[in-house]
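Me: I have not seen this structure before. Could you take me through it in questions and answers?

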Amino acid sequence: MARLATPPASWTTRYPELGTGLVSYEDSISPEFYELEREAIFRRAWLNVGRVEQLPRKGSYFTKELAVARTSLLLTRDLDGQVRAFHNVCRHRGNKLVWDHTPRSETSGVCRQFMCKYHGWRYGLDGQLKFVLQEEEFFDFDKADFPLVSVHCEVWEGFIFVNLADEPSQSLREFLGPMVLGLEGYPFHLCGERFAFKAQILSNWKIFLDAFQEYYHASVLHSQQQVPSLRSFETGYKVPHFQIDGPHRLISTGGWKGTPRHLLPPEQMYPIEPATQAGLMGPWERPDIPELDPANLPAGLNPGNLQPWSISNFQIFPNFVILVYERGWYLTYQYWPTSAGTHDWEMSYYFPPARTASERIRHEVTAVVSKEAALQDAATLDGTQQGLESRVIDKYPLSDQEITVRHLHKAVGDWVQAYLRDGKGTRA
Amino acid sequence: MLPEEFADLEPFAARWCIATEAGRYAERLNSTMAELEAFYGAAHPRVGAAMAYLDGFELSDLPEPQLNLLHLVYSLIMVSLPVEVWHQPRVIDSGTAYFDRYLEPVP
């Protein structure tokens, strides 16, 4: 049988370390591999746990459940305004310090001190133990010896990252590397209107990442989102720019079939889009905020220099994704493993706060239309997980424009190998 | 429930003035296509007028009838893809997928 030649615009061969061979997804079905990932990746990489807008003032706090690392974190803004992270565990008897409805559900609020529900021990926003009930009954006891256990925490462009290693091997900026740092200067702080979603997904975390990091699937799985006259399964790259830097990936698009959606003729759109002047790619009109004008955006946002440019999809290792849209908004995904075959998924849309009802309505259109497409992506996942778990097939092909899928599994494998080689037992 | 200018949409107000996305999504799944099409057919031609009308009020301080109208527009958005694209209340091929919108701007 004739073999197909290497595609003309080969991205994969620009990164020889990726190879072009068949790929195994054993890393997404093996409970043993999952246990390795927990140590090798989720206790060593920098993890995004939220944004500074979730800690708007001194005393603000929120908790973050990290089942993958078998811990709960407490994020606070202390009296000096500094963002801090602690393990959410009382030093006295190990009770979860901060919780509201149930110990396993996340919570947030504002306070001056945290009081344990068990025996009333109290901690300051800086983690120092401030009060012990009947302190004189304890033996050789000094409160200064029992602060909350702190976690390495750094803020970059308003995104709060933690690292669960005793001593991270890289600073956050070193870890993010030049490609992701190219986002610096984007006005994330002006996009404070947030829509947030959660879902429990019946697949390995990487399988859902894979679903959102290639657009090869779009003309099939999301075929209905094209009006019937435009539907086709033609060949051609859906994405004109890929880039890889260390464990991170970038995918940029210039718009559906090269034309930004808001510039299509009305008969090529669904009626709700022209009726509201908004759709899948955002409100048609970018808010007149100078910082959002493409001329003022950081060059690293569109490093392929696409014209027109519509989306850049930054895949930040291991489990955090930022998509920046040309129409002046962005969204994030986070994938939090709960077992080899399940994860909790979070999605947030961030817009500049609506100033009028029309603007708010356009945000609603985008949030609804975009979610509908994502539901289709999510629905295939338990089917994929089942297929992989059948182990009927052990190696799978990937096309050139699925380079991102190839890279994620390679990066995960590399981190696990490095851990087995250098770090086992030392938790670097 | 609605401002006088939108009295024509009053027959849909009791059912579709819903403050949360989770509530609107549940109502959509709880509807027949005939019900979704009837609501869409009445509300879609009025969405431009509703947006222009609501822009005459302060978004953060909408009186009750105007807030109801805003929520009705959100519901129109919720039913538009079932009518325009899916031809069924559920997203085609969405399987068991369900996303909980646990945080949203108010209003």
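What follows is a set of questions and replies on a predicted model.

Me: Into which domains is chain A divided?
Reply: This is a predicted model. The domain assignment splits chain A into two stretches, given by their residue bounds. They are domain 1 (47-167) and domain 2 (184-416).

Me: How many Å apart are the C-alpha centres of domain 1 and domain 2 of chain A?
Reply: The two domains of chain A touch, through 7 residues from domain 1 and 10 residues from domain 2. On the domain 1 side, the touching residues comprise 3 nonpolar, 2 polar and 2 charged. The C-alpha centres of domain 1 and domain 2 of chain A are apart by 33 Å.

Me: Which strands are at the edges of the open sheet of 7 strands in chain A?
Reply: The order of strands in this antiparallel open sheet of chain A is β1-β10-β9-β4-β3-β2-β5. From one strand to the next, the twist averages 25°. An edge strand pairs on one side only, and in this sheet of chain A that applies to β1 (47-51) and β5 (108-110).

Me: Which residue is the bridge partner of Phe86(A) in β9(A)?
Reply: Strand β4 (residues 83-87) and strand β9 (residues 150-156) of chain A run antiparallel and are joined by 2 bridges. In β9(A), Phe86(A) has as its bridge partner Ser150(A).

Me: Why is one side of β6 and of β8 of chain A left without a neighbour in the sheet?
Reply: The open sheet concerned has 3 strands in the order β6-β7-β8 (chain A), paired antiparallel. β6 (113-115) and β8 (129-131) of chain A stand at its edges, so each is left with a single partner strand. Neighbouring strands here are turned against each other, direction ignored, by an average of 35°. The reason for the free side is the position of β6 and β8 of chain A at the edges.

Me: Which residue in β8(A) stands opposite Arg122(A)?
Reply: Strand β7 (residues 122-124) of chain A is joined to β8(A) by 2 bridges, and the two run antiparallel. Opposite Arg122(A), in β8(A), stands Phe131(A).

Me: What pattern does chain B follow along the sequence?
Reply: Chain B contains 5 helices and 1 strand. Read along the sequence, these give the pattern α-α-α-α-α-β.

Me: What radius of gyration does chain B have?
Reply: The C-alpha atoms of chain B fill a box of roughly 40 × 30 × 20 Å along the principal axes. Of the 107 residues in chain B, 37% are buried. A compact globule with 107 residues would have a radius of gyration near 13 Å, and the value for chain B agrees with this. That value is 14 Å.

Me: Which element gives the most to the side of chain B that touches chain A?
Reply: The contact takes 31 residues from chain B and 31 residues from chain A. On the chain B side, α4 (47-54), α5 (64-86) and β1 (100-103) each supply at least two residues. By class, that side has 20 nonpolar, 5 polar and 6 charged residues. The element that gives the most, with 10 residues, is α5(B).

Me: Which residue in β1(B) is the bridge partner of Ala196(A)?
Reply: Strand β11 (residues 193-201) of chain A pairs with β1(B) in the antiparallel sense, over 3 bridges. In β1(B), the bridge partner of Ala196(A) is Leu103(B).

Notes
Residues numbered from 1 in each chain as written. Chains lettered and ligands numbered in written order. Predicted model: local features only at pLDDT ≥ 70, side-chain atom pairs only at ≥ 80, totals over all residues. Pairing = 2+ DSSP bridges. Helix = DSSP H or I, 4+ residues; strand = E, 2+ residues; numbered from the N terminus. Axes fitted to C-alpha atoms, helices over the stretch in contact; angles between N-to-C directions. Domains from an automatic or database assignment. Nonpolar A, V, L, I, M, F, W, Y, C, P; charged D, E, K, R; others polar. Rg over C-alpha atoms; globule rule 2.2 N^0.38 Å. Buried ≥ 20, exposed ≤ 12 C-beta atoms within 10 Å, placed from the backbone.
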